[in-house]
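Reader: Please examine the model shown below and discuss its strand pairing, its core and its aromatic contacts.

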Amino acid sequence: MERGLNMVLFMTLVIAATLHGSCAQTTHVVGDSMGWIVPPGGDAAYQTWAAINTFRVGDVLVFNFSTGAHDVAEVTRTNFDSCNSASPITISNTGPTSINLTSAVEHNFICTVGRHCSFGQRLSINVSSSATAPSPQPTPPPQPAAATPGPSAAATPPPAAAPQPAAATPGPMAAVPAATPPPAAAPSPSEAGNTYTVGGSIGWIVPPGGSIAYETWARTIRSFRVGDTLLFNFTTGAHDVVEVTRAEFDSCRTNTAPITTGPARITLTSAGEHHYICTVGPHCSLGQRLAINVTGGAGGPTMTPPPSSSTPVTPSPVTAPPPPSSSASSFAVAGLPFTFLTIVMAFLV
């Protein structure tokens, strides 16, 4: 009996050690599917991401970005606050970059390209020892609280509707009223035009997957028609957009002045092929360009009407799935000792 209890105690220690090891290493893809970019929402994007994650010594950060468009540097807190890229602790210009968290301190990361850091491409996290409670992450910006009705509002029933005056009854000689005409038909989508956010939720950026990202997005739209609007969602100063010829599109060069203020709306006024690029640095050659075919408003194929909502339909972008979290595989391995413990207990009984 004593031998059996010792075996149970030994297996319990093995299970505890396995579970501890499985929780000690986790791979975090910074920004998840958004990746490491100039975030459309500014600093709040990475602050919020850090707040919902727990970081421990042994974890790995994966910064997913296009080589040449961004970089990642670990800096001091002072340089983080001022977006100063001088004398970084470490720096990597090749994406994606994996960084191991080896110390239980605050870690600060920025992009040193142009003004990307000041536009919000920076991340600050607190890393705890794997044996201690996790350190609190920076608090995300407070969201406005929804108004809560007071007790009297909840308990008081809505006032009864005022009685409507009865319709006058026509006399015996009154003429029969004319039938009410039907309401006017709502304009069809082809007449009103649809608004498409280029790239969906990813916006107008240097796509991590290269030019295939916007090619794939364009194919998800059944058709673009005259009267539709393209919404290029980007951060002013980080990107721009300009419509160019096919030759300029292929060479990523143009003398046409771009639209530099984001977000930018461009209405499709003619049928045919349309081409758009970003003229900032090497962004176009790294995949920040879009080519679409536009059909005539009346003669083109029928567009499927969007849902009855004032919000335009925005197709979701096709993004590469983030690297799998090591924590998932670790917990799968951790389940083996439980099975073995069950067998041992059954044998002892």
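The exchange that follows treats sheets, core and rings in turn.

Author: This is a predicted model, in which local features need pLDDT of at least 70 and side-chain atom pairs count only at pLDDT 80 or more, while totals for chains, interfaces and linings use all residues. Residues are numbered from 1 along each chain as its sequence is written, and side-chain values use heavy atoms, with hydrogens and water left out.

Reader: Which strands stand at the edges of the open sheet of 3 strands?

Author: Helices (H or I, at least four residues) and strands (E, at least two) are DSSP runs numbered from the N terminus, and two strands pair if DSSP finds at least two bridges between them. The sheet has the order S1-S3-S6 with mixed pairing. Each edge strand has a single partner strand, so one side of it is left without a neighbour in the sheet; these strands are S1 (27-29) and S6 (97-100).

Reader: Which residue in S3 stands opposite Val29?

Author: S1 and S3 pair in the parallel sense over 3 bridges. Opposite Val29 in S3 stands Val62.

Reader: How many bridges join S14 to S15?

Author: S14 (residues 272-277) also pairs with S12 (residues 242-244), in the antiparallel sense over 3 bridges. S15 (residues 289-295) runs antiparallel to S14, and His274 stands opposite Ile292 in S15. The number of bridges joining S14 to S15 is 6.

Reader: How many residues does the largest nonpolar core have?

Author: A nonpolar core is a set of buried Ala, Val, Leu, Ile, Met, Phe, Trp, Tyr and Cys residues joined through side-chain atoms within 4.5 Å; buried means under 20% relative accessible area, exposed over 50%, and partly exposed in between (1.4 Å probe, protein chains only). Those with the most contacts inside the largest core are Phe63, Leu123, Leu230, Phe232 and Leu290. Helix H2 (44-51), helix H6 (212-220) and S15 are among the elements that each supply at least two residues of this core. The residue count of the core is 40.

Reader: Why does the pair of Phe63 and Phe109 count as stacked, tilted or edge-to-face?

Author: Rings of Phe, Tyr and Trp (its six-membered ring) pair if their centres lie within 6.5 Å; planes under 30 degrees apart count as stacked, over 60 as edge-to-face and the rest as tilted. The ring centres of Phe63 and Phe109 are 5.3 Å apart and their planes stand at 55°, so the pair is tilted.

Reader: Which residues do ring pairs link into a cluster with Phe63 and Phe109?

Author: Phe63 is buried at 0% relative accessibility, and Phe109 is likewise buried at 0%. The cluster also contains Trp36 and Tyr46.
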